Amino acid sequence: MYDTSLWLGGKEFKSRLIVGTGKYPSFENMREAIEASGAEIVTVAVRRVSLPGQGESLLDYIDPKKYTLLPNTAGCYTADETVRTCYLSREAGLGSMVKLEVIGDSRTLFPDVIGLLEATRTLAKDGFTVLPYTNDDPIMCKKLEDAGAAAVMPLGAPIGSGLGIRNPYNLKLILEAVTVPVIVDAGVGTASDAAIAMELGCDGVLMNTAIAGAKDPVAMASAMRMAVEAGRLAFKAGRIGKKLYATASSPIEGVPDWSTS
């Protein structure tokens, strides 16, 4: 079935799965899982990247010729801190496409959407390709698009919770509200969660803990790859409508009534 590619920051991506680099048992395991995922975009927390001369770094295990690095501002709690981190990231050579996080609460890790909107507007004006992590709020997603976001990344559930897609109806409203790509970020626990997000029509899924925290991260990464692909194909194929009553898969219209013969 014909499908288009995912475009972000002027670049074309065949894979609609974006994976993170934290919480793996080892850097080697991380590299194997990323390979199994088929992802082309890999997100890295700027604060966790070691500078040259500071010892082994996760960047030693990610081929920049093969993967597009997506620095994120995990751990930032204000718009100013987030903007400053993005500038430092760009100066360090990590590029100008950024996953924006402005955390509003340390327990839930829900975003501070006011600070997020401010940081998005500032960075978009300065040439960054901004992908903001936000609540599953159609109004805020539209405001972020208007502020210059290249995509919106609503949460499926709290970061690392593994609860799956808690509010599919809000995601549908977001898809209707914006024209930029919608990428579900946070809350995915297993392959069926990723498939659901894609079946709804989302453009991609970003995950970290669901893969890195699995008993077998490499196997889970492979499962997520297939789930995203299957969910996308199902969305493009067009599912049947839901009905209250049964509909025979082998209808009897036009079949001779042999009881009267």
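In the predicted model, Glu229 is partly exposed, its relative accessible area being 48%. This residue forms a salt bridge with Arg225, and the closest N and O atoms of the pair are 3.7 Å apart. Arg225 is likewise assigned as partly exposed, at a relative accessible area of 36%. Both residues belong to helix H8 (residues 217-237), where a spacing of 4 residues separates them by about one helical turn.

A search of the whole structure returns 11 salt bridges. A second pair within one helix is formed by Lys142 and Asp146, with the closest N and O atoms 3.6 Å apart. These two residues are 4 residues apart in helix H4 (residues 138-146), and about one helical turn lies between them. Lys142 has a relative accessibility of 32% and counts as partly exposed, whereas Asp146 is exposed, with a relative accessible area of 57%.

A further salt bridge joins the side chains of Asp126 and Arg90, at an N to O distance of 3.2 Å. Asp126 is located in the loop between helix H3 (113-125) and strand S7 (129-134), and Arg90 is located in helix H2 (residues 79-91); the pair therefore ties together parts that are 36 residues apart in sequence. Asp126 is partly exposed, at 33% relative accessible area. Arg90, at 29% relative accessibility, also counts as partly exposed. In addition, a network of salt bridges links Asp3, Arg232 and Lys236.

The secondary structure of the protein chain consists of 8 helices and 10 strands. Along the principal axes, the C-alpha atoms of the chain fill a box of roughly 90 × 40 × 35 Å. Of the 261 residues in the chain, 49% are buried. When contacts between residues at least 6 apart in sequence are considered, 64% join residues at least 24 apart.

Helix H4, which holds the Lys142 and Asp146 pair, also packs against helix H5 (residues 168-177), with an angle of about 30° and a distance of 9 Å between the axes. Angles under 35 degrees count as roughly parallel, and H4 and H5 are therefore roughly parallel to each other. Their crossing is right-handed. On the H4 side, the residues that meet H5 are Pro138, Cys141, Lys142 and Glu145; on the H5 side, Asn170, Leu173, Ile174 and Ala177 take part. Lys142 thus appears both in the salt bridge with Asp146 and among the H4 residues that meet H5.

In soluble globular proteins, nonpolar side chains tend to be buried together. In this model, the largest nonpolar core comprises 61 residues. The residues with the most contacts inside this core are Ile62, Leu100, Val152, Met207, Ile211 and Met224. A second core, separate from the largest, has 12 residues, including Leu6, Ile18, Ala151 and Met153.

The surroundings of Met224 were examined with its neighbours within four places in sequence left aside. On this basis, Met224 is in contact with Leu17, with Val188, Gly189, Thr190, Ala191 and Ala194, and with Met207, Ala210 and Ile211. Two of these partners, Met207 and Ile211, are listed with Met224 among the residues that have the most contacts inside the largest core.

Note on methods:
Residues numbered from 1 in each chain as written. Predicted model: local features only at pLDDT ≥ 70, side-chain atom pairs only at ≥ 80, totals over all residues. Heavy atoms only, no water. Core = buried A, V, L, I, M, F, W, Y, C linked by side-chain atoms within 4.5 Å. Buried < 20%, exposed > 50% of the residue type's maximum accessible area, 1.4 Å probe, protein only. Contact = heavy atoms within 4.5 Å. Salt bridge = Lys/Arg side-chain N within 4 Å of Asp/Glu carboxyl O. Axes fitted to C-alpha atoms, helices over the stretch in contact; angles between N-to-C directions. Parallel < 35°, antiparallel > 145°, perpendicular 65-115°, else oblique. Left-handed = near helix turned anticlockwise from the far one by under 90°.
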